[in-house]
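Got your viewer open? Keep a selection box handy, and let's take a walk through this one together.

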Amino acid sequence: MTFGQLFAILRARWLVALIVFTLVFGGITTLTFVLPKNYTASGSVVVDIKSPDPIAGMVLAGVAAPSYLLTQIDVLQSERVARKVVAGLKLDQSPAWREKWQEDTGGTGNFEAWLATSLRKGVDVRPSRGSNVISVSYTLPDPQFATVITNAFIQAYLDTSMELRTEPAKQYSQFFDANARQLRQQLEKAQTKLSDFQRAQGLVVTDDRLDVEMARLNELSTQLVVAQSAAADSGSRKAEAARQGDQMPEVLSNSLVASLRADLVRQQGQLEQLSTRYGEQHPQVRELKSNIADLQRRLDREIRKITSSVGITDSVNVSHASKIRSALEEQRNKVLKMKAQRDEAALLQRDVDNAQKAYDGVLARLNMTSLESQAVHADVAALEFATVPSIPSSPRVLVNTVLGFLLASGLAAASALVRERRDRRLRSSDDIEALVHLPLVSVIPSFTISKSKTEATASKRLLGGVRFKALSSKAAT
């Protein structure tokens, strides 16, 4: 259908279209002015997801998630917030609300829960596109009460957000406090056990006796090696003295032994001379033999004295080595005992350190949760509180009028088309071409302008009916 055909139909069916347009547009306009006026009070809150947490000192990972803003919207629309609004405005003490509850529910159920549900249905919470601002609005016929409800929802949401942050922190604070007391008792027990052990063993934290005893042990080990070497040397010299004592270096280097041996050799030489000259029984020979015997005895006595000193030295060295060995064994046992004490003390000290570390960790968490439980600022804040609206939000006269005009126009055109569908007429030359599928050759203009309007209209209707029947017959053949 072309625009010309549509215009011809509307011009022919203008009365039907006008009636439909008047009824629809008039009804919408009347309804717009008859409906009660509603006022919408709007406020907004902002969710801070970029600033670092003042207690943790960093931006929490969960806050930056896209679902965090949706979670805040759900919290704002939750029953907990609505119940806070009811309690804050004392709506549960209002006789009008209680009477309405009686009418709606017959007195069944919880009155506060019904109030909270009723308030939740009217609140409109929407996130702003591309920002962290959440808009809160409430629509009521009373602008003052709508403003009060909106601001109450914003304040209840802020209080709930603070409670959601501080309540878990308070619970954790109590938990960490109990653990901290328990760990402190364990730390005190471990410290007392270490102190008792140190006191019993004579140990102090800065005790360096072990180093001194280790140095003494090393010194005794060195002395034992030296004493054993000396004992071995003196033992070999003692054995040599038992075999051939007169050939020992001590004997050969002794001046008295050397002098006695020289005197003995000289007197033996004189004895040989005198024996040859005077014989064995000569008094000088006999005297000289007696002197030689005395010298030999003195020489043997000196040699025995020197060799016996070697034995004494060996005995002294062996005794000294034995004493050093005993002292070394005693010192080794002492050092081992001190090491065992130190090892046990180290284990006790490690227990103390572990208990201290665990206590410090829990105490740090306790301090943090205590700070969080006393927090006075959450990551949400009121951006704008609602003010009393002066212009009603509904019904919107201009919008309803424009929409009513468009709807009435559409329905008027549709009614004209439906009317034309039921009573089809030829309105233009295009209708004839579309009917017979032949091109239009010419159009004869109407010269009967002197006839009255009624006769002309009747003639057109008659002529139109005849032409429509003739063309239909022709098209059928």
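What follows is a tour of a predicted model, starting with the whole chain and then zooming in on a sheet, a helix pair and two single residues.

**The whole chain**

Start with everything on screen in cartoon view. You're looking at 14 helices and four strands. Now switch on a surface: the chain exposes about 31000 Å², and carbon and sulfur atoms supply 57% of that area. Of the 477 residues in the chain, 28% are buried. How many of the contacts between residues at least 6 apart in sequence join residues at least 24 apart? The figure is 78%.

**The sheet**

Next, select the four strands. They make an open sheet, and reading across it the order is 2-3-1-4, with antiparallel pairing. At the edges sit strand 2 (123–127) and strand 4, each of which pairs on one side only. Going from one strand to the next, the twist averages 25 degrees.

Keep the sheet and add helix 7. This helix packs on the sheet and touches strand 1, strand 2, strand 3 and strand 4. Its direction makes about 20 degrees with that of strand 1.

Now color strand 1, residues 39–47, and look to either side. With strand 3 (residues 133–140), strand 1 pairs in the antiparallel sense over eight bridges. With strand 4 (residues 380–384), strand 1 is joined by four bridges, and this pair runs antiparallel too.

Want to see the pairing residue by residue? Click on V45. Which residue of strand 3 is its bridge partner? That's I134. In strand 4, V45 stands opposite A382. Then step along to V46, whose bridge partner in strand 4 is A381.

**A helix crossing**

Hide the strands and select helix 3 (residues 67–76) along with helix 7 (residues 143–201). Two packed helices are described by the angle between their axes and the distance between the axes. For this pair, the angle is about 115 degrees and the axes are 10 Å apart. The crossing is right-handed.

Show side chains where the two helices meet. Helix 3 brings Q72, V75 and L76 to the contact, while helix 7 brings F153, Y157, T160, S161 and L164. Sort the contact of helix 3 with helix 7 by class and you get five nonpolar residues, three polar ones and no charged ones.

**A loop residue with a positive phi**

Jump to K90, in the loop between helix 4 (79–89) and helix 5 (95–105). Most residues other than glycine have a negative phi, and most peptide bonds are trans. In K90, phi is near 60 degrees, a positive value in a residue other than glycine. Is K90 buried or exposed? Its relative accessible area is 51%, and the cut-off for exposed is over 50%, so K90 counts as exposed.

**A buried glutamine**

For the last stop, select Q331 in helix 11, which covers residues 283–373. Buried means under 20% relative accessible area; Q331 has 4% relative accessibility, so it counts as buried. What is Q331 in contact with, leaving aside its neighbours within four places in sequence? Light up E213, R216, L217 and L220: those are the contacts of Q331 beyond its sequence neighbours.

Key: Residues numbered from 1 in each chain as written. Predicted model: local features only at pLDDT ≥ 70, side-chain atom pairs only at ≥ 80, totals over all residues. Heavy atoms only, no water. Buried < 20%, exposed > 50% of the residue type's maximum accessible area, 1.4 Å probe, protein only. Contact = heavy atoms within 4.5 Å. Pairing = 2+ DSSP bridges. Areas by Shrake-Rupley, 256 points an atom, 1.4 Å probe, with all protein chains shown as cover. Axes fitted to C-alpha atoms, helices over the stretch in contact; angles between N-to-C directions. Left-handed = near helix turned anticlockwise from the far one by under 90°. Nonpolar A, V, L, I, M, F, W, Y, C, P; charged D, E, K, R; others polar.
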